[in-house]
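The exercises below invite a newcomer to read one protein model step by step. Each task is followed by a worked solution, and it helps to try the task before reading on.

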Amino acid sequence: PANVRGGDAAGPISPRTVRRGSSDASALPQRQGWLLNRERNKKRYHVLLDGVLYWFKKEQKAGCASRDDFNERYKGYIALSAGCELRRAPDAHASFTFVLVGERSDETILAASATDEFDGWCAAIERCIEVDKQHNAGAAVAHSGHLRLKGKRKFVVLKPDRLVWFADVKSEAVQGSFLLTNCTIGMRGATLHLDAATTTTSTIRTGSSSGGAGGSGGSGDGGGSGGGSGGGG
């Protein structure tokens, strides 16, 4: 799941990476151009790539096909997962404004400069969200149980492509997730290392957990609360 949220530093979870060569990757639209962040009143150059919306201070070269094509490090991103929603502002016909809403109701308000740009961005973003919904439709739960995350007992669900955790077994609100797509997993003693495709690393310490199905420790840079978005202005 992805939450849309702002911040002053890069978010704890790496951007979602679509597996190259999959039907999902070929179905995702690519788009780039300037958008205004109405909350910060800042214009940023946005690139929609593999289901992730990145933004930059400077214009990027045309036709970015991978993150290697970026001229600079992105200032932030939003992973457009099935948990996101795009809403058009009531005065969208005049302001060209749309709102990206995450699973935890975090909002990012963006505005285009013309009708054709507004329609194009909305269509591309909605397509990315729909592709992720199709990808995850009917995905079975592989395993679940109580584990220790950053010293706190959480109910953790292992899905085919991610770990998702909740406050307890009765809670329906997702507190965080870690995408497992293209990750490598290593063990060193009682420590489990999850390395994402973007070189971000999560460290989970395993051990017995009182009252739970198993034990795990706090996650490092690669894990974290709240899903696939991060960055500031």
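**Exercise 1.** In which helix is E126 found, and is E126 buried, partly exposed or exposed?

Solution. Bear in mind throughout that this is a predicted model. The first step is to place the residue along the chain, and E126 is found in helix 3, which covers residues 115–136. The second step is to look at its accessibility: because the value for E126 is 30% and partly exposed residues lie between 20% and 50% relative accessible area, E126 counts as partly exposed. As a last step, consider a partner from elsewhere in the sequence, namely P29, which is 97 residues away from E126 in sequence while their C-alpha atoms are 9.9 Å apart in space.

**Exercise 2.** Determine where N41 and D50 lie, and state whether each of them is buried or exposed.

Solution. Start with the backbone: N41 is not a glycine and yet has a positive phi of about 55°, and D50, also not a glycine, has a positive phi of about 50°. Next, find the loops that hold them. N41 is found between strand 1 (31–37) and strand 2 (42–49), whereas D50 lies in the loop that runs between strand 2 and strand 3. Finally, turn to accessibility, where N41 counts as exposed because its relative accessibility is 63%, while D50, at 8%, counts as buried.

**Exercise 3.** Which residues form one aromatic cluster, and how are the pairs Y54 with Y77 and F56 with F70 arranged?

Solution. Begin with the count, which comes to seven aromatic pairs when ring centres must lie within 6.5 Å. One of them is formed by Y54 and Y77, a tilted pair with 6.5 Å from centre to centre and 50° between the planes. Since Y54 lies in strand 3 and Y77 in strand 4, this pair ties together parts that are 23 residues apart in sequence. Both Y54 and Y77 are buried.

The next pair to examine is F56 with F70, which is edge-to-face, with 4.8 Å between the centres and 70° between the planes. This pair links distant parts of the chain, given that F56 is in strand 3 and F70 is in the loop between strand 3 and strand 4, 14 residues apart. F56 is buried, its relative accessible area being 0%, and F70 counts as buried at 11%. The closing step is to name the cluster, which is formed by Y54, F56, F70, Y74 and Y77.

**Exercise 4.** Identify the residues of the positive surface patch, and then place K75 within the chain.

Solution. The patch is formed by R40, K42, K57 and K75. Of these, K75 lies in the loop that joins strand 3 (52–56) to strand 4 (76–79). With a relative accessible area of 34%, K75 is partly exposed, and this satisfies the requirement that patch residues have over 30%.

**Exercise 5.** In which strand does K159 have its place, and how far is K159 from S144?

Solution. K159 belongs to strand 9, which is made up of residues 152–159. Its relative accessible area is 34%, so K159 is partly exposed. For the distance, compare the C-alpha atoms of K159 and S144, which are separated by 8.7 Å although the two residues are 15 residues apart along the chain.

How values were computed
Residues numbered from 1 in each chain as written. Predicted model: local features only at pLDDT ≥ 70, side-chain atom pairs only at ≥ 80, totals over all residues. Heavy atoms only, no water. Patch = residues over 30% accessible without salt bridge, like charges linked within 9 Å, V, L, I, M, F, W, Y side chains within 5 Å. Areas by Shrake-Rupley, 256 points an atom, 1.4 Å probe, with all protein chains shown as cover. Salt bridge = Lys/Arg side-chain N within 4 Å of Asp/Glu carboxyl O. Lys, Arg positive; Asp, Glu negative; His and termini not counted. Charge placed at Lys NZ, Arg CZ, Asp CG, Glu CD. Helix = DSSP H or I, 4+ residues; strand = E, 2+ residues; numbered from the N terminus. Buried < 20%, exposed > 50% of the residue type's maximum accessible area, 1.4 Å probe, protein only. Phe/Tyr/Trp six-rings, centres within 6.5 Å; stacked < 30°, edge-to-face > 60°.
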